[in-house]
Amino acid sequence: MTHRSLVHRTGSARALAAMSLMALAACGGGGDDDRSGISDDTAQGYAADAATMPVTAGTALNAATTTLQTALTTTTAAAAKAAGSEDGTGAATQATTPTTTVPCALGGSVSWVASGLPLADLLNGRLDAGETYDITYSACATAVTGVVLDGAARLVVNAADASGLDLATTATALTATTPQGRFVLDGRWQHQLRVSTDAAGGTTRANRFATPLAVLTSTVNTRQARYELRDMDWTVADTFSSSGQPVARAHNGRLELFASTPRRPSATLRVATLGTLVIGSDGLAVSGGFSLVAGGDKWSVTYGATTVSIALDIGNDGSTERTWTLQRLVFHGEAG
């Protein structure tokens, strides 16, 4: 081989190598920096949104139904009087849409207009198939739900039996005020309530909410953000002792959460709980976990006793590139 041939081949190899490096850089490969993925701050912000928004939406919808049912069972006589004046036999005069306003346990009030069935059925203190309730909440606070409700909801009872209810629920500016902030919900849900009793006499109420699309706006520490709850299938389970005292609340489900907030780039987050999220007295998760997928990355969130751990899988290929831990309240403070 001549010296000229060697120089020619060496130059060609170098040119080919340079072209390969340029192509690799254009594709985002090569070097540790190309595996950096999403930043920790952005990842934990999205995770806090995923932990807060579906839980708050489920809690607000659950509170809307529970508040009405509680008011119905305790105010049957008041509803009869509100529906019409009594005649000489003690029976109320006929009305097709009885309207009732009653105080909530810890302040405020709930009002509703009932329609769809004869008066006697509307005033029997329970939800029956064929009934429609147009409800207005005014600073309504109850001990069981842990939120203060304002705004409106419509409940259409499609089916009812001893084991539960099938409802169509519509929220119109249904506002839940919690220790974390103010959340306004608009949308329609298929709502299934199933009631079960354990051997000790305790009761579990499992409320499943499903919707193709709903909107939630939030105000957290003066920060405002907007979220779309897409393909949401979410269950809120409340457990009570045999004496009716609340024992536990758990959430589980999945959805696509489109997050639009000035603090982070808008993104669609595929969220799924890992088992169940157990909710504490402050309305925030205290144990359990969930996963998120967004922008080609995946991360998992796990609750400890007082902390939250985040494991980031860059590229969603089954590996874990980064992990870190935050105090629970610091983590939830990242929402919005």
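**Exercise 1. A buried side chain in a loop**

In this predicted model, the side chain of Gln180 reaches the backbone oxygen of His332 at 2.8 Å. Find where Gln180 sits, decide whether Gln180 is buried or exposed, and list what Gln180 touches.

*Solution.*
Step 1. Place the residue. Gln180 belongs to the loop between strand E5 (164-178) and strand E6 (181-197).
Step 2. Check the accessibility. The relative accessibility of Gln180 is 12%. Buried means under 20%. Therefore Gln180 counts as buried.
Step 3. Look for a further polar contact. The side chains of Gln180 and Thr52 are joined by one of 3.5 Å.
Step 4. List the neighbours, leaving aside those within four places in sequence. Gln180 is in contact with Thr52, Val220, Leu284, His332 and Ala335. Thr52 and His332 thus appear in this list; the polar contacts of Gln180 involve Thr52 and His332.

**Exercise 2. The chain and its core**

Describe the chain in outline, then find which helix gives the most to the largest nonpolar core.

*Solution.*
Step 1. Count the elements. The chain has five helices and 16 strands.
Step 2. Look at burial. The chain has 336 residues, and 43% of them count as buried.
Step 3. Look at contacts across the sequence. Take those between residues at least 6 apart; 49% of them join residues at least 24 apart.
Step 4. Go to the core. The largest nonpolar core holds 75 residues. Trp112, Phe290, Leu292, Trp299 and Phe331 have the most contacts inside it. Helix H2 (residues 40-74) gives the most to this core: 16 residues.
Step 5. Zoom in on Trp299. Residues up to four places away in sequence are not counted. Trp299 touches Ile38, Ala43, Tyr46, Ala47, Phe290, Ser291, Leu292, Ala294, Ile310, Ala311 and Leu312. Two of these, Phe290 and Leu292, are also among the residues with the most contacts inside the core.

**Exercise 3. Helix H2**

Test whether the end-to-end distance of H2 agrees or disagrees with its expected span. Then say how H2 sits in the structure.

*Solution.*
Step 1. Work out the expected span. H2 has 35 residues, and at 1.5 Å a residue they should span 51 Å.
Step 2. Compare. The end C-alpha atoms of H2 are 50 Å apart, which agrees.
Step 3. Turn to burial. Of the 35 residues of H2, 30 are buried, so H2 is largely enclosed by the rest of the structure.

**Exercise 4. Three strands, two hairpins**

Trace strands E7, E8 and E9, and pick out the residues with a positive phi.

*Solution.*
Step 1. Pair E7 with E8. They run antiparallel over 17 bridges. Thr219 has Gln224 in E8 as its bridge partner.
Step 2. Find the turn. E7 and E8 form a hairpin with two residues between them. Asn221 lies in the loop between E7 (203-220) and E8 (223-240).
Step 3. Check phi there. Asn221 has a positive phi of about 55 degrees, although it is not a glycine. Most residues other than glycine have a negative phi.
Step 4. Check exposure. Exposed means over 50%. Asn221 has 53% relative accessibility, so Asn221 counts as exposed.
Step 5. Pair E8 with E9 (residues 246-261). These strands are antiparallel and joined by 13 bridges. Arg230 has Glu256 in E9 as its bridge partner.
Step 6. Find the second turn. E8 and E9 form a hairpin with five residues between them. Gly244 in this turn has a positive phi of about 90 degrees.
Step 7. Look inside E8. Asp231 lies in this strand. Asp231 is not a glycine, yet has a positive phi of about 50 degrees. With a relative accessible area of 47%, Asp231 is partly exposed.

**Exercise 5. The disulfide and strand E3**

How many disulfides are there? Which parts of the chain does the pair of Cys104 and Cys140 link?

*Solution.*
Step 1. Count. There is one disulfide.
Step 2. Name the pair. Cys104 is joined to Cys140, S to S 2.0 Å. Distant parts of the chain are linked, 36 residues apart. Cys104 is in the loop between strand E1 (99-103) and strand E2 (109-115), and Cys140 is in strand E3 (residues 132-141).
Step 3. Add the geometry. The link is left-handed, with -105 degrees about the S-S bond. Both Cys104 and Cys140 are buried.
Step 4. Visit Thr132, also placed in E3. Thr132 is buried, with a relative accessible area of 15%. Leaving aside neighbours within four places in sequence, the contacts of Thr132 are Val113, Ala114, Ser115, Arg154, Leu155 and Val156.

Note on methods:
Residues numbered from 1 in each chain as written. Predicted model: local features only at pLDDT ≥ 70, side-chain atom pairs only at ≥ 80, totals over all residues. Heavy atoms only, no water. Core = buried A, V, L, I, M, F, W, Y, C linked by side-chain atoms within 4.5 Å. Buried < 20%, exposed > 50% of the residue type's maximum accessible area, 1.4 Å probe, protein only. Helix = DSSP H or I, 4+ residues; strand = E, 2+ residues; numbered from the N terminus. Contact = heavy atoms within 4.5 Å. Disulfide = S-S within 2.5 Å. Pairing = 2+ DSSP bridges. Polar contact = N/O pair within 3.5 Å; in protein donor to acceptor, adjacent residues only side chain to side chain. Expected span 1.5 Å × (residues − 1).
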